[in-house]
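Open the model in your viewer and keep the selection tool at hand. We will go from stop to stop, choosing what to pick next and saying what is there.

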Amino acid sequence: MNVYIKKSKLRNHQKVQITGSKSESNRLLLLQALYPQLQIQNLSNSDDSVLMQKAVSTKDKLVDIHHAGTAMRFLTAFFSIQKNREVILTGSSRMKERPIEILVDALNSLGADIRYLENEGYPPLKIVGRDITKNKVTLEANVSSQYISALLLIASKLENGLELTLIGEITSMPYIQMTLSLLREIGIETNFINNVVSVKPCSSTVSSQILTVESDWSSASYFYSIIALSAVGTEIIISSYKNESLQGDSALVSIYKNFGVKTTFLDNSICLQKVETNDKNSLKQFDLRDAPDIAQTIAVTSFGLGKECQLTGLHTLKIKETDRLVALKNELEKLGAQVTITNDSLHLKASDNIKQEVSISTYNDHRMAMAFAPLGLLVPIEIKNAEVVSKSYPDFWKDLKRIGFDYDTIS
Ligand SMILES: O=C(O)C1=C[C@@H](OP(=O)(O)O)[C@@H](O)[C@H](O)C1
Ligand SMILES: C=C(OP(=O)(O)O)C(=O)O
(Lines give C-alpha, C1' and ligand atoms only; values in the text may rest on other atoms or scores of the structure.)
(Ligands and ions follow the chains in the order given, each with its own letter.)
Protein backbone atom coordinates (compact mmCIF):
# COMPACT_ATOMS: atom_id res chain seq x y z
CA MET A 1 0.00 0.00 0.00
CA ASN A 2 1.28 3.46 -0.92
CA VAL A 3 -0.05 6.61 0.69
CA TYR A 4 -0.31 9.72 -1.45
CA ILE A 5 -0.54 12.76 0.83
CA LYS A 6 -2.14 15.81 -0.77
CA LYS A 7 -0.82 19.07 0.60
CA SER A 8 -2.53 19.04 3.99
CA LYS A 9 -3.45 21.50 6.71
CA LEU A 10 -3.49 20.49 10.36
CA ARG A 11 -6.78 20.95 12.26
CA ASN A 12 -5.96 22.90 15.39
CA HIS A 13 -6.49 21.63 18.98
CA GLN A 14 -6.71 17.91 18.08
CA LYS A 15 -6.07 15.10 20.58
CA VAL A 16 -4.21 11.88 19.86
CA GLN A 17 -3.92 8.85 22.14
CA ILE A 18 -0.75 6.84 21.55
CA THR A 19 -0.33 3.35 23.05
CA GLY A 20 2.44 2.23 25.40
CA SER A 21 6.15 2.41 24.69
CA LYS A 22 7.34 -0.53 22.59
CA SER A 23 10.58 -0.67 24.56
CA GLU A 24 8.92 -0.69 27.99
CA SER A 25 6.27 -3.15 26.79
CA ASN A 26 8.81 -5.64 25.45
CA ARG A 27 10.76 -5.54 28.71
CA LEU A 28 7.65 -5.97 30.84
CA LEU A 29 6.36 -8.83 28.68
CA LEU A 30 9.59 -10.70 29.27
CA LEU A 31 9.49 -9.95 33.00
CA GLN A 32 5.85 -11.04 33.15
CA ALA A 33 6.84 -14.37 31.56
CA LEU A 34 9.41 -14.79 34.34
CA TYR A 35 7.13 -13.43 37.10
CA PRO A 36 3.50 -14.16 36.10
CA GLN A 37 2.05 -12.15 38.99
CA LEU A 38 2.93 -8.92 37.14
CA GLN A 39 0.10 -7.20 35.29
CA ILE A 40 0.63 -4.65 32.53
CA GLN A 41 -1.53 -1.68 31.52
CA ASN A 42 -1.32 0.45 28.35
CA LEU A 43 0.70 -2.19 26.52
CA SER A 44 1.97 -1.19 23.09
CA ASN A 45 -0.18 -2.37 20.16
CA SER A 46 2.88 -2.43 17.90
CA ASP A 47 3.58 -5.52 15.75
CA ASP A 48 6.84 -5.94 17.66
CA SER A 49 5.08 -6.13 21.03
CA VAL A 50 2.38 -8.45 19.69
CA LEU A 51 5.15 -10.73 18.38
CA MET A 52 6.97 -10.51 21.71
CA GLN A 53 3.83 -11.42 23.64
CA LYS A 54 3.19 -14.46 21.43
CA ALA A 55 6.83 -15.55 21.57
CA VAL A 56 7.05 -15.62 25.37
CA SER A 57 3.92 -17.76 25.63
CA THR A 58 4.25 -20.15 22.67
CA LYS A 59 5.31 -23.77 23.10
CA ASP A 60 6.36 -24.01 19.43
CA LYS A 61 9.90 -24.92 18.51
CA LEU A 62 10.12 -22.35 15.69
CA VAL A 63 9.78 -18.72 16.78
CA ASP A 64 9.82 -16.08 14.02
CA ILE A 65 10.00 -12.50 15.24
CA HIS A 66 10.08 -10.87 11.77
CA HIS A 67 11.67 -7.39 12.00
CA ALA A 68 11.58 -7.00 15.80
CA GLY A 69 15.21 -6.42 16.85
CA THR A 70 14.52 -5.82 20.53
CA ALA A 71 12.43 -8.99 20.68
CA MET A 72 15.18 -10.97 18.88
CA ARG A 73 17.78 -9.92 21.43
CA PHE A 74 15.56 -10.26 24.51
CA LEU A 75 14.23 -13.67 23.45
CA THR A 76 17.73 -15.03 22.80
CA ALA A 77 18.44 -14.49 26.48
CA PHE A 78 14.98 -15.67 27.57
CA PHE A 79 15.06 -18.99 25.69
CA SER A 80 18.61 -19.73 26.82
CA ILE A 81 17.31 -20.24 30.40
CA GLN A 82 14.14 -22.22 29.50
CA LYS A 83 15.36 -25.59 30.72
CA ASN A 84 14.72 -28.76 28.66
CA ARG A 85 13.50 -26.77 25.68
CA GLU A 86 14.96 -26.30 22.22
CA VAL A 87 13.97 -23.26 20.15
CA ILE A 88 14.86 -22.08 16.67
CA LEU A 89 14.72 -18.30 16.84
CA THR A 90 14.55 -16.56 13.48
CA GLY A 91 13.35 -13.38 11.80
CA SER A 92 13.04 -11.49 8.52
CA SER A 93 15.82 -11.41 5.93
CA ARG A 94 16.92 -8.06 7.41
CA MET A 95 17.01 -9.63 10.89
CA LYS A 96 19.50 -12.16 9.51
CA GLU A 97 21.80 -9.21 8.76
CA ARG A 98 21.53 -7.62 12.20
CA PRO A 99 24.49 -8.75 14.37
CA ILE A 100 23.91 -10.70 17.58
CA GLU A 101 27.37 -12.16 18.23
CA ILE A 102 28.18 -9.98 21.25
CA LEU A 103 25.08 -11.24 23.05
CA VAL A 104 25.50 -14.88 21.97
CA ASP A 105 29.17 -14.87 23.04
CA ALA A 106 28.24 -13.39 26.42
CA LEU A 107 25.48 -15.95 27.02
CA ASN A 108 27.59 -18.90 25.83
CA SER A 109 30.49 -17.84 28.03
CA LEU A 110 28.07 -17.89 30.98
CA GLY A 111 27.15 -21.48 30.07
CA ALA A 112 24.27 -21.14 27.58
CA ASP A 113 23.96 -23.37 24.50
CA ILE A 114 23.30 -21.17 21.46
CA ARG A 115 24.41 -22.02 17.91
CA TYR A 116 24.17 -20.25 14.57
CA LEU A 117 22.11 -22.01 11.90
CA GLU A 118 23.20 -19.92 8.90
CA ASN A 119 25.86 -17.20 9.20
CA GLU A 120 28.20 -16.93 12.19
CA GLY A 121 27.19 -13.97 14.32
CA TYR A 122 23.65 -13.58 12.93
CA PRO A 123 20.20 -15.12 13.36
CA PRO A 124 18.69 -17.68 13.00
CA LEU A 125 19.78 -19.33 16.24
CA LYS A 126 19.30 -22.75 17.78
CA ILE A 127 18.92 -22.31 21.53
CA VAL A 128 18.88 -25.19 24.00
CA GLY A 129 17.68 -23.97 27.39
CA ARG A 130 19.87 -24.66 30.44
CA ASP A 131 20.61 -23.63 34.00
CA ILE A 132 23.19 -20.86 34.07
CA THR A 133 25.30 -20.64 37.22
CA LYS A 134 28.27 -18.51 36.14
CA ASN A 135 27.64 -14.87 36.85
CA LYS A 136 30.43 -12.70 35.46
CA VAL A 137 30.88 -11.59 31.88
CA THR A 138 32.54 -8.74 29.99
CA LEU A 139 31.00 -7.38 26.79
CA GLU A 140 31.33 -4.52 24.31
CA ALA A 141 28.81 -1.79 24.95
CA ASN A 142 29.25 0.37 21.86
CA VAL A 143 27.27 -1.67 19.30
CA SER A 144 23.77 -2.09 20.79
CA SER A 145 22.41 -1.59 24.29
CA GLN A 146 19.83 -4.29 23.54
CA TYR A 147 22.46 -6.99 24.25
CA ILE A 148 22.98 -5.54 27.73
CA SER A 149 19.27 -5.13 28.45
CA ALA A 150 18.66 -8.73 27.30
CA LEU A 151 21.17 -10.05 29.83
CA LEU A 152 19.90 -7.80 32.63
CA LEU A 153 16.29 -8.88 32.05
CA ILE A 154 17.03 -12.57 32.74
CA ALA A 155 19.70 -11.88 35.36
CA SER A 156 17.49 -12.13 38.45
CA LYS A 157 16.48 -15.66 37.42
CA LEU A 158 20.10 -16.86 37.33
CA GLU A 159 21.15 -18.79 40.43
CA ASN A 160 23.95 -16.32 41.21
CA GLY A 161 22.61 -13.18 39.58
CA LEU A 162 24.82 -11.37 37.10
CA GLU A 163 27.70 -8.94 36.94
CA LEU A 164 28.36 -7.32 33.55
CA THR A 165 31.54 -5.39 32.85
CA LEU A 166 30.89 -3.03 29.96
CA ILE A 167 33.77 -2.09 27.69
CA GLY A 168 33.98 0.76 25.19
CA GLU A 169 31.72 3.79 25.07
CA ILE A 170 28.20 2.84 26.17
CA THR A 171 25.63 3.51 23.47
CA SER A 172 21.88 4.12 23.90
CA MET A 173 22.41 4.44 27.67
CA PRO A 174 18.82 5.50 28.56
CA TYR A 175 17.60 2.09 27.36
CA ILE A 176 19.92 0.38 29.87
CA GLN A 177 18.66 2.74 32.58
CA MET A 178 15.08 1.92 31.56
CA THR A 179 15.78 -1.80 32.02
CA LEU A 180 17.32 -1.22 35.45
CA SER A 181 14.48 1.08 36.53
CA LEU A 182 11.85 -1.49 35.59
CA LEU A 183 13.76 -4.21 37.45
CA ARG A 184 13.92 -1.99 40.53
CA GLU A 185 10.23 -1.12 40.19
CA ILE A 186 9.29 -4.79 40.53
CA GLY A 187 11.60 -5.21 43.52
CA ILE A 188 14.82 -6.58 42.03
CA GLU A 189 18.11 -5.25 43.37
CA THR A 190 20.46 -3.71 40.80
CA ASN A 191 23.65 -1.66 40.81
CA PHE A 192 25.45 0.36 38.16
CA ILE A 193 28.84 1.64 39.31
CA ASN A 194 31.33 2.96 36.75
CA ASN A 195 31.18 0.36 33.98
CA VAL A 196 29.91 -2.56 36.07
CA VAL A 197 26.20 -3.41 36.15
CA SER A 198 24.93 -6.08 38.51
CA VAL A 199 21.61 -7.71 39.33
CA LYS A 200 20.91 -9.79 42.45
CA PRO A 201 19.19 -13.18 42.07
CA CYS A 202 15.45 -13.33 42.78
CA SER A 203 14.44 -16.81 41.70
CA SER A 204 11.25 -17.10 43.73
CA THR A 205 8.73 -14.33 43.44
CA VAL A 206 8.16 -10.59 43.28
CA SER A 207 5.05 -9.02 44.73
CA SER A 208 1.95 -8.95 42.57
CA GLN A 209 1.53 -5.50 41.00
CA ILE A 210 0.09 -3.55 38.08
CA LEU A 211 2.60 -1.69 35.93
CA THR A 212 1.39 1.09 33.66
CA VAL A 213 3.43 1.69 30.55
CA GLU A 214 3.95 5.31 29.56
CA SER A 215 3.01 6.01 25.94
CA ASP A 216 5.68 5.83 23.27
CA TRP A 217 7.92 8.90 22.96
CA SER A 218 9.45 7.74 19.66
CA SER A 219 5.92 7.76 18.19
CA ALA A 220 5.39 11.22 19.70
CA SER A 221 8.34 12.48 17.64
CA TYR A 222 6.22 12.56 14.47
CA PHE A 223 3.81 14.99 16.16
CA TYR A 224 6.73 17.15 17.27
CA SER A 225 7.75 17.29 13.62
CA ILE A 226 4.20 18.05 12.49
CA ILE A 227 3.90 20.95 14.95
CA ALA A 228 7.37 22.24 14.02
CA LEU A 229 6.24 22.40 10.38
CA SER A 230 2.91 24.13 11.22
CA ALA A 231 1.98 27.78 11.63
CA VAL A 232 2.66 29.64 14.90
CA GLY A 233 -0.22 29.03 17.32
CA THR A 234 -1.00 25.50 16.13
CA GLU A 235 -1.28 22.96 18.94
CA ILE A 236 -2.01 19.31 19.58
CA ILE A 237 -2.48 17.23 22.73
CA ILE A 238 -1.02 13.73 22.92
CA SER A 239 -1.39 11.19 25.74
CA SER A 240 -0.37 9.54 28.03
CA TYR A 241 2.92 11.13 29.00
CA LYS A 242 4.65 12.18 32.18
CA ASN A 243 7.46 14.55 33.04
CA GLU A 244 9.75 11.92 34.54
CA SER A 245 10.04 9.44 31.70
CA LEU A 246 12.06 6.24 31.48
CA GLN A 247 12.34 6.79 27.73
CA GLY A 248 15.40 8.59 26.40
CA ASP A 249 13.40 9.86 23.43
CA SER A 250 11.67 12.27 25.80
CA ALA A 251 14.73 14.40 24.93
CA LEU A 252 12.33 15.62 22.21
CA VAL A 253 11.07 18.19 24.71
CA SER A 254 14.39 20.05 24.71
CA ILE A 255 15.48 19.22 21.17
CA TYR A 256 12.29 20.58 19.57
CA LYS A 257 12.51 23.88 21.47
CA ASN A 258 15.11 24.59 18.78
CA PHE A 259 12.39 24.14 16.16
CA GLY A 260 9.84 26.33 17.94
CA VAL A 261 7.86 23.58 19.65
CA LYS A 262 6.82 24.30 23.22
CA THR A 263 5.82 21.33 25.39
CA THR A 264 3.43 21.78 28.31
CA PHE A 265 2.88 18.84 30.65
CA LEU A 266 -0.80 18.51 31.57
CA ASP A 267 -2.32 15.88 33.89
CA ASN A 268 -1.35 12.82 31.88
CA SER A 269 -0.77 14.34 28.47
CA ILE A 270 1.41 16.89 26.72
CA CYS A 271 0.37 19.90 24.71
CA LEU A 272 2.70 20.70 21.81
CA GLN A 273 2.45 24.24 20.55
CA LYS A 274 4.23 26.03 17.72
CA VAL A 275 5.73 29.25 19.02
CA GLU A 276 7.80 32.05 17.50
CA THR A 277 11.57 31.47 17.71
CA ASN A 278 14.11 34.21 17.58
CA ASP A 279 16.93 32.05 16.37
CA LYS A 280 19.12 33.73 13.84
CA ASN A 281 21.47 30.80 13.67
CA SER A 282 20.10 28.21 11.32
CA LEU A 283 22.51 25.36 12.23
CA LYS A 284 20.93 22.66 14.41
CA GLN A 285 23.41 20.33 16.09
CA PHE A 286 22.45 17.28 18.11
CA ASP A 287 24.34 14.29 19.50
CA LEU A 288 21.88 11.39 19.32
CA ARG A 289 23.89 8.54 20.82
CA ASP A 290 21.29 8.36 23.59
CA ALA A 291 18.26 8.69 21.30
CA PRO A 292 19.01 7.05 17.93
CA ASP A 293 15.37 6.37 17.01
CA ILE A 294 14.51 10.05 16.58
CA ALA A 295 17.35 10.81 14.14
CA GLN A 296 15.19 10.39 11.05
CA THR A 297 12.42 12.61 12.45
CA ILE A 298 14.88 15.38 13.31
CA ALA A 299 16.67 15.26 9.95
CA VAL A 300 13.37 15.56 8.08
CA THR A 301 12.09 18.37 10.33
CA SER A 302 15.30 20.35 9.71
CA PHE A 303 14.93 19.82 5.99
CA GLY A 304 11.28 20.89 6.06
CA LEU A 305 12.20 24.07 7.91
CA GLY A 306 15.12 24.78 5.57
CA LYS A 307 17.63 24.58 8.43
CA GLU A 308 21.16 23.28 8.28
CA CYS A 309 21.62 20.33 10.60
CA GLN A 310 24.48 18.25 11.94
CA LEU A 311 23.56 15.02 13.69
CA THR A 312 26.23 12.95 15.45
CA GLY A 313 26.30 9.77 17.56
CA LEU A 314 24.56 7.84 14.78
CA HIS A 315 26.90 4.79 14.69
CA THR A 316 24.04 2.36 15.50
CA LEU A 317 21.82 3.50 12.63
CA LYS A 318 23.37 1.27 10.01
CA ILE A 319 22.36 -1.95 11.84
CA LYS A 320 18.72 -1.05 12.44
CA GLU A 321 15.69 -1.94 10.27
CA THR A 322 17.73 -0.69 7.31
CA ASP A 323 20.93 1.32 7.03
CA ARG A 324 19.12 4.47 8.13
CA LEU A 325 21.99 6.80 7.21
CA VAL A 326 21.97 5.66 3.58
CA ALA A 327 18.15 5.57 3.47
CA LEU A 328 17.92 9.14 4.81
CA LYS A 329 20.51 10.44 2.34
CA ASN A 330 18.79 8.76 -0.64
CA GLU A 331 15.29 9.98 0.17
CA LEU A 332 16.21 13.51 1.33
CA GLU A 333 18.22 13.95 -1.87
CA LYS A 334 15.19 12.93 -3.96
CA LEU A 335 13.43 15.91 -2.36
CA GLY A 336 16.28 18.23 -3.32
CA ALA A 337 18.40 18.17 -0.14
CA GLN A 338 22.18 18.09 0.01
CA VAL A 339 23.26 15.47 2.52
CA THR A 340 26.65 14.12 3.58
CA ILE A 341 26.94 11.05 5.76
CA THR A 342 29.79 9.30 7.57
CA ASN A 343 29.66 6.10 9.62
CA ASP A 344 28.17 7.97 12.55
CA SER A 345 26.94 11.36 11.41
CA LEU A 346 24.71 13.20 8.98
CA HIS A 347 25.05 16.73 7.69
CA LEU A 348 22.21 18.48 5.88
CA LYS A 349 22.69 21.82 4.11
CA ALA A 350 20.07 24.52 4.51
CA SER A 351 17.81 24.71 1.46
CA ASP A 352 14.65 26.58 0.53
CA ASN A 353 13.19 24.23 -2.01
CA ILE A 354 11.31 20.98 -1.53
CA LYS A 355 10.49 19.02 -4.69
CA GLN A 356 6.81 18.18 -5.08
CA GLU A 357 5.19 14.79 -5.72
CA VAL A 358 8.27 12.78 -4.77
CA SER A 359 7.77 9.10 -4.01
CA ILE A 360 9.60 8.13 -0.80
CA SER A 361 10.93 4.57 -0.46
CA THR A 362 10.71 3.17 3.06
CA TYR A 363 13.16 0.21 3.08
CA ASN A 364 10.96 -1.93 5.36
CA ASP A 365 11.57 0.71 8.01
CA HIS A 366 8.58 2.11 9.89
CA ARG A 367 10.53 5.20 10.89
CA MET A 368 11.30 6.12 7.27
CA ALA A 369 7.55 6.23 6.50
CA MET A 370 6.60 8.17 9.64
CA ALA A 371 9.53 10.61 9.53
CA PHE A 372 8.77 11.74 5.96
CA ALA A 373 4.96 11.92 6.29
CA PRO A 374 4.92 15.34 8.07
CA LEU A 375 6.33 16.91 4.88
CA GLY A 376 2.79 16.47 3.52
CA LEU A 377 2.05 19.76 5.30
CA LEU A 378 4.41 21.47 2.85
CA VAL A 379 4.19 19.55 -0.45
CA PRO A 380 2.24 16.65 -1.93
CA ILE A 381 4.33 13.53 -1.25
CA GLU A 382 3.96 9.78 -1.68
CA ILE A 383 5.05 7.27 0.97
CA LYS A 384 5.67 3.81 -0.47
CA ASN A 385 4.80 0.61 1.41
CA ALA A 386 3.15 2.75 4.03
CA GLU A 387 1.95 -0.29 6.01
CA VAL A 388 5.47 -0.61 7.48
CA VAL A 389 4.38 1.76 10.24
CA SER A 390 2.70 -1.13 12.07
CA LYS A 391 6.07 -2.28 13.42
CA SER A 392 5.77 0.37 16.11
CA TYR A 393 2.63 2.45 15.43
CA PRO A 394 -0.23 0.61 13.64
CA ASP A 395 -2.66 3.55 14.05
CA PHE A 396 -0.28 6.11 12.55
CA TRP A 397 -2.20 6.78 9.29
CA LYS A 398 -5.58 6.76 11.03
CA ASP A 399 -4.30 9.30 13.58
CA LEU A 400 -2.85 11.49 10.82
CA LYS A 401 -6.21 11.53 9.03
CA ARG A 402 -7.96 12.55 12.27
CA ILE A 403 -5.72 15.57 12.73
CA GLY A 404 -6.29 16.82 9.19
CA PHE A 405 -3.94 15.01 6.83
CA ASP A 406 -5.59 14.47 3.47
CA TYR A 407 -4.34 11.36 1.68
CA ASP A 408 -5.32 8.58 -0.70
CA THR A 409 -4.16 5.02 -0.26
CA ILE A 410 -3.13 3.18 -3.39
CA SER A 411 -2.88 -0.61 -3.12
O1 LIG B 1 16.26 -1.47 24.20
C2 LIG B 1 15.43 -0.95 23.44
O3 LIG B 1 14.21 -1.03 23.63
C4 LIG B 1 15.94 -0.25 22.25
C5 LIG B 1 17.26 0.16 22.18
C6 LIG B 1 17.83 0.93 21.04
O7 LIG B 1 18.67 0.08 20.30
P8 LIG B 1 20.28 0.14 20.32
O9 LIG B 1 20.74 -0.03 21.71
O10 LIG B 1 20.66 -1.00 19.44
O11 LIG B 1 20.68 1.48 19.77
C12 LIG B 1 16.71 1.49 20.15
O13 LIG B 1 17.26 1.91 18.92
C14 LIG B 1 15.63 0.46 19.88
O15 LIG B 1 14.63 0.96 19.04
C16 LIG B 1 14.98 0.04 21.18
C1 LIG C 1 15.51 0.14 16.03
C2 LIG C 1 14.23 -0.09 16.31
O3 LIG C 1 13.72 -1.27 16.75
P4 LIG C 1 14.38 -2.71 16.90
O5 LIG C 1 15.87 -2.57 17.07
O6 LIG C 1 13.73 -3.29 18.10
O7 LIG C 1 14.05 -3.50 15.66
C8 LIG C 1 13.24 1.01 16.20
O9 LIG C 1 12.09 0.81 16.62
O10 LIG C 1 13.57 2.10 15.69
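Begin by selecting Pro-124, which sits in the loop between strand 6 (113–116) and strand 7 (125–128). Helices (H or I, at least four residues) and strands (E, at least two) are DSSP runs here, numbered from the N terminus. Show the backbone on both sides: Pro-123 and Pro-124 are joined by a cis peptide bond, with omega about 5 degrees.

A word on the model before moving on. It is predicted, so local features need pLDDT of at least 70 and side-chain atom pairs count only at pLDDT 80 or more, while totals for chains, interfaces and linings use all residues. Residues are numbered from 1 along each chain as its sequence is written, and chains are lettered from A and ligands numbered from 1 in the order in which they are written.

**More backbone stops**

Next, pick Ser-240, in the loop between strand 13 (235–239) and helix 8 (252–255). Ser-239 and Ser-240 are linked by a cis peptide bond, with omega about -10 degrees. For context, most residues other than glycine have a negative phi, and most peptide bonds are trans.

Now select Asn-194, in the loop between strand 10 (190–193) and strand 11 (196–199). Asn-194 is not a glycine, yet its phi is positive, about 50 degrees. Is Asn-194 buried or exposed? Asn-194 is exposed, because 7 other C-beta atoms lie within 10 Å. The cut-offs are these: a residue is buried if 20 or more other C-beta atoms lie within 10 Å of its own, exposed if 12 or fewer, and partly exposed in between, with C-beta atoms placed from the backbone.

Move to Ser-172, in the loop between strand 9 (162–167) and helix 6 (173–185). Phi of Ser-172 is also positive, near 50 degrees. Ser-172 counts as buried, because it has 25 C-beta neighbours inside 10 Å.

**Ligand 1**

Keep Ser-172 selected and add ligand 1, since Ser-172 belongs to the shell around it. The other residues of that shell are Ser-23, Thr-70, Ser-144, Ser-145, Gln-146, Ser-149, Thr-171, Tyr-175, Pro-292, Asp-293 and Thr-316. A residue is near a ligand here if its C-beta atom, placed from the backbone, lies within 6 Å of it. Which helix gives the most to this shell? Helix 5 (residues 145–155) does, with three residues. By class, the shell has two nonpolar, nine polar and one charged residue. Ala, Val, Leu, Ile, Met, Phe, Trp, Tyr, Cys and Pro count as nonpolar, Asp, Glu, Lys and Arg as charged, and the others, Gly among them, as polar.

**Two domains**

Colour the chain by domain: domain 1 is 2–18 + 215–410 and domain 2 is 22–212. These bounds come from an automatic or database domain assignment. Ligand 1 lies between the two domains, because both give residues to its shell. The C-alpha centres of the domains are 30 Å apart. Across the boundary, 19 residues of domain 1 are in contact with 21 residues of domain 2; contact means C-beta atoms, placed from the backbone, within 7 Å.

**Ligand 2**

Select ligand 2 and its surroundings: His-67, Ala-68, Gly-69, Thr-70, Asp-293, Lys-320, Glu-321, Arg-367 and Ser-392. This shell has one nonpolar, four polar and four charged residues. Each domain supplies at least three of its residues.

**Two annotated lysines**

The UniProt annotation "binding site" (unreviewed entry) includes Lys-22 and Lys-391. UniProt positions are given in the numbering used here, feature names are shortened, and annotations may be inferred rather than shown by experiment.

Pick Lys-22 in helix 1 (residues 22–34). Lys-22 is buried, with 28 other C-beta atoms within 10 Å. Beyond its neighbours within four places in sequence, its contacts include Asp-48, Asp-216 and Ser-392.

Then go to Lys-391, in the loop between strand 21 (381–383) and helix 12 (396–402). Lys-391 is buried too, with 24 other C-beta atoms within 10 Å. Leaving out residues up to four places away in sequence, Lys-391 touches Ser-46, Asp-47, Asp-48, His-67 and His-366.

**Helix 2**

From Asp-48, extend the selection to helix 2 (residues 47–57), where eight of the 11 residues are buried, so the helix is largely enclosed by the rest of the structure. Among the buried ones are Asp-47, Asp-48, Leu-51 and Val-56. Their cover includes helix 1, strand 4 (62–64) and helix 3 (69–80).

Terms used:
Two residues are in contact if their C-beta atoms, placed from the backbone, lie within 7 Å.
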